[in-house]
Amino acid sequence: MAGAEPQRLAKRLAAQLPCSRSDAERYIAGGWVRVDGVVVESPMARVGEVQVVTLDAKAQLEDLASVTLVWHKPAGVALPDITLQGDSSLPDALAAQWFLPSHRFKGDRSGMRPLKVHLHKLLAAAPLAPLASGLMVWTQNPGVARKISDAGAAIEHEWHVTVADDPGLDDSARRDAVLKSLQQALFFEGWAVPSARASWQSERRLRLAIKHTRPGQVAHLCDRAGVSPAAVHRLRLGRIGLGGLAPGQWRYLMPYERF
């Protein structure tokens, strides 16, 4: 006689505890349920009647609030063209590759337990170009995404730009002219954008601080100033900085942190 058909994990757990189906789904999504000793975070997962389903003794019915992740984007990593997918969020499969628990910053003090649900429907706030590196923010909260991208919020972006070798930059007058050009008012892609604050950090490295940097603006400023960016790196968005994150590492935004 054939065994019973596998059933959804949420249905099995609800009957086993017993509890409501919605509570069972929250336990599972919260990472509190094991099937044959392995944590399963999908309420839709199928389990057979002989498989052992257990609830962690420390399980809590938590509200799975939206999360925001701070990420050090490596240079050369291209963001997906999410507009082609009919969705504005990062595909779950790609999020799972980028935000592995092993890539989590060891200095993360949030106390958050990494869950699969945290990698669902992440929105890119102030995305970076493929060749650029540095601070990026991914969030499940549309309000956070709007705040960072809203021109009216005027959040300051801090950049380091390494310029290509140019013998002309050995001349102090030319270096001063570059700074003057970078700090001039700019009308970019139909928008009047705030002026940049610029300084030389070394012989070939510029520091730029610009409120609400538009995509492509840094490259445009450098082109107008007659220098070629060999590397573009964002260190800070508002009051949130990289803070020791190595390329590819990520952490949860702390509750008290504000942009």
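**View 1. Strands S7, S8 and S9 pair up side by side.** In this predicted model, strand S7 (residues 89-90) meets strand S8 (residues 122-125) in an antiparallel pairing, held over two bridges. If you want a spot to look for, try Leu90, whose bridge partner in S8 is Leu122. S8 also pairs with strand S9 (residues 133-139), again antiparallel, and here there are three bridges. Look for Leu123 on this side, standing opposite Thr139 in S9.

**View 2. Trp138 sits in the largest nonpolar core.** This core counts 37 residues, and Leu69, Phe99, Trp138 and Val161 are the ones that touch the most other members. Helix H6 (residues 217-225) gives the most to this core, chipping in four residues. Nonpolar side chains tend to be buried together in soluble globular proteins. Zoom in on Trp138 and you'll find a list of contacts farther off in sequence, including Val67, Leu69, Trp71, Leu79, Trp98 and Phe99. Some names from the first view turn up here too: Trp138 touches Leu90, Leu122 and Leu123, among others.

**View 3. Strand S15 has several partners.** Start with S9, which runs parallel to strand S15 (residues 229-237) and is joined to S15 by two bridges. Ser133 is the residue to find here, with His233 as its bridge partner in S15. Next comes strand S10 (residues 156-163), which runs antiparallel to S15 and is joined to S15 by seven bridges. His233 shows up again, as the S15 bridge partner of His160.

**View 4. A hairpin links S15 and S16.** Follow S15 onward and you come to strand S16 (residues 240-241), which runs antiparallel to S15 with two bridges between the strands. Leu237 has Ile240 as its bridge partner in S16. How many residues lie between S15 and S16 in the hairpin? There are two, and Gly238 in the turn has a positive phi of about 60 degrees.

**View 5. His72 is tucked away in strand S6.** You'll find His72 in the strand that covers residues 68-73. Is His72 buried or exposed? With a relative accessibility of 7%, His72 counts as buried. The side chain of His72 reaches the backbone oxygen of Leu245, at 2.7 Å. Leu245 is also among the residues His72 touches, as are Leu242, Ala246, Pro247, Gly248 and Gln249. Two more on that list are Gly134 and His233, the latter being the bridge partner of Ser133 and also of His160.

**View 6. A three-stranded open sheet with a helix packed on it.** The strand order here is S3-S2-S5, and the pairing is antiparallel. S3 (38-39) and S5 (53-55) stand at the edges with a single partner strand each, so one side of each has no neighbour in the sheet. Helix H1 (residues 9-16) packs on this sheet and touches S2 and S5, with its direction at about 65 degrees to that of S5. Strand S2 (residues 33-35) and S3 are antiparallel and joined by two bridges. One pair to pick out is Arg34 with Val39, its bridge partner in S3.

**View 7. Two cysteines, Cys19 and Cys222, for a closer look.** Cys19 is partly exposed, with a relative accessible area of 24%. Cys222, by contrast, is buried, at 0%. How many disulfides does a search of the whole structure find? The search comes back with zero.

Note on methods:
Residues numbered from 1 in each chain as written. Predicted model: local features only at pLDDT ≥ 70, side-chain atom pairs only at ≥ 80, totals over all residues. Heavy atoms only, no water. Pairing = 2+ DSSP bridges. Contact = heavy atoms within 4.5 Å. Axes fitted to C-alpha atoms, helices over the stretch in contact; angles between N-to-C directions. Disulfide = S-S within 2.5 Å. Buried < 20%, exposed > 50% of the residue type's maximum accessible area, 1.4 Å probe, protein only. Polar contact = N/O pair within 3.5 Å; in protein donor to acceptor, adjacent residues only side chain to side chain. Core = buried A, V, L, I, M, F, W, Y, C linked by side-chain atoms within 4.5 Å. Lists of a residue's contacts leave out its neighbours within four places in sequence.
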